[in-house]
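I opened this notebook to look up charged pairs first and the nonpolar interior afterwards.

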Amino acid sequence: MSTTPTRAPPDARAPAARPEEHQPADQCGAGIAPGCSVSLHLEVRFEDGFVALSTLGEEPLVCRIGDGTLTPAFEATLLGLEPGSETHIIGHGSELFSPYDESNVHWLARDDFPSPIEPRPGLVVAFETPGGYETGGVIKRVEGEQVEVDFNHPFAGHSLTIRVQVLSVT
């Protein structure tokens, strides 16, 4: 089932984004637009209420819209938001972050896990790819000497509620 990411009504201060209202990147104005630098707090909750990510009470996320820090689909939900605004975005992780791909789920030998890691379901483990990059995987199951690991984006395949607090836009 496909869902379209929407802003939820908890805070009416956040205006709906309409692309034709955005200013060019060199004239960000007050609202978030392509090319703007933004500082914001995020809280991502799964459908069951589990907080999967939160910068609240921590350092805020700082990035430039379009620099690749956030996906284009997620950035689109932020367009037009102004400093001081707070909103809730309801959407699906497969649309906002990355599609879920069954081919990214693999069985690995228990010996592939460095000591002292004891594989157990739900554990997030960092792995190095053959190309030398680091990627995370979530252990789904352990069966004897085999461990099933999901290398999809952790939000893929989940319904999400994302709380966004915009701190600054420049």
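I searched the whole structure for salt bridges, counting a side-chain nitrogen of Lys or Arg within 4 Å of a carboxyl oxygen of Asp or Glu, and the search finds five. I note that this is a predicted model, in which local features need pLDDT of at least 70 and side-chain atom pairs count only at pLDDT 80 or more, while totals for chains, interfaces and linings use all residues. Residues are numbered from 1 along each chain as its sequence is written, and side-chain values use heavy atoms, with hydrogens and water left out.

I looked up Arg163 and Glu86, whose side chains form a salt bridge at 2.9 Å, N to O. This pair links distant parts of the chain, with Arg163 in strand E10 and Glu86 in strand E5 (residues 86-92), 77 residues apart; strands (E, at least two residues) and helices (H or I, at least four) are DSSP runs numbered from the N terminus. Glu86 is buried at 18% relative accessible area, whereas Arg163 is partly exposed at 24% (buried is under 20%, exposed over 50%, partly exposed in between, with a 1.4 Å probe and protein chains only).

I then turned to the largest nonpolar core, meaning buried Ala, Val, Leu, Ile, Met, Phe, Trp, Tyr and Cys residues joined through side-chain atoms within 4.5 Å, and found that it has 25 residues, with Ile162 and Phe74 among those with the most contacts inside it. Strand E2 (37-46), helix H1 (72-78) and strand E10 (159-169) each give two or more residues to this core. I also recorded a second, separate core of eight residues, including Leu108 and Phe127.
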